[in-house]
Amino acid sequence: MKKPKVSIDQKTTRMPKNELIDLLFGAFEKYTYWTLRGLKDYAKQPESYLKDVLNEIAILNKRGPYNNCYHLKPEYSQQSSNASESTAPLGSEAPAAETSKEVEDDDFEFENNDDIEYKLESDDKNLFKDD
């Protein structure tokens, strides 16, 4: 099968390297972790050129919850200490770390112990009802 031809409108042109680095630093100030696809969409630059520049300023995670995501090298992340510890939005980002879906006990508040006992008694009654 032949690949469809790319129109002139869809082609990306390389911006100067220093401008691209500034743009990438801005992206990493917004979100700590980015996928290559997300950065490519954000910067609108050719993938090979983007990879070359990213190798100079960022590290590619190869394991863990941020697998295949870039983050700034430590020497550059010190400069932008106000970057939030978050990922880019869904679709152009790093996958979010898995979180527990359990409900914690601290989520429920009772005014006194009588409310707790009533809640426990009503739950026990519901357990023994036939449907």
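The following exchange concerns a predicted model.

Colleague: Which residues of helix α2 are buried, and where do they lie around its axis?

Modeller: Helix α2 covers residues 36–43. Viewed down the axis of α2, the buried positions fall within an arc of 160 degrees, so they line one face of the helix. The buried residues are L36, G38, L39 and A43.

Colleague: Which elements do the buried residues of α2 pack against?

Modeller: The partners include both helices and strands. On the helical side there are α1 (17–30) and α3 (47–57). The strands in the list are β1 (34–35) and β3 (69–72).

Colleague: Which helix gives the most to the largest nonpolar core?

Modeller: This core has 18 residues, and those touching the most other members are L20, L24, F28, L39, L50, L54 and Y70. At least two residues come from each of α1, α2, α3 and β3. The greatest contribution, 6 residues, is that of α1. In general, nonpolar side chains in soluble globular proteins tend to be buried together.
The helix asked for is α1.

Colleague: What does Y70 contact, leaving aside its neighbours within four places in sequence?

Modeller: Y70 is among the core residues that touch the most other members. Its contacts include the core residues F28, L39 and L54. The full list is F28, T32, Y33, W34, L36, L39, K51, L54, A58, I59 and L60.

Colleague: What is the phi of K44, and where is this residue found?

Modeller: Most residues other than glycine have a negative phi. K44 is not a glycine, yet its phi is positive. The residue comes just after α2, in the loop between α2 and α3, and its phi is about 55 degrees.

Colleague: Is K44 buried or exposed?

Modeller: A residue counts as exposed when its relative accessible area is over 50%. K44 has a relative accessibility of 55%, and is therefore exposed.

Colleague: How does N68 compare, in phi and in relative accessible area?

Modeller: N68 is found in the loop between β2 (58–60) and β3. Although N68 is not a glycine, its phi is positive, at about 60 degrees. N68 is partly exposed, with a relative accessible area of 49%.

Colleague: Is N61 buried or exposed, and which residues does it contact beyond its neighbours within four places in sequence?

Modeller: N61 is placed in the loop between β2 and β3. Its relative accessible area is 14%, so N61 is buried. The contacts of N61 are Y33, Y66, N67, N68, C69 and H71.

Methods
Residues numbered from 1 in each chain as written. Predicted model: local features only at pLDDT ≥ 70, side-chain atom pairs only at ≥ 80, totals over all residues. Heavy atoms only, no water. Buried < 20%, exposed > 50% of the residue type's maximum accessible area, 1.4 Å probe, protein only. Helix = DSSP H or I, 4+ residues; strand = E, 2+ residues; numbered from the N terminus. Arc of directions from axis to C-beta. Contact = heavy atoms within 4.5 Å. Core = buried A, V, L, I, M, F, W, Y, C linked by side-chain atoms within 4.5 Å.
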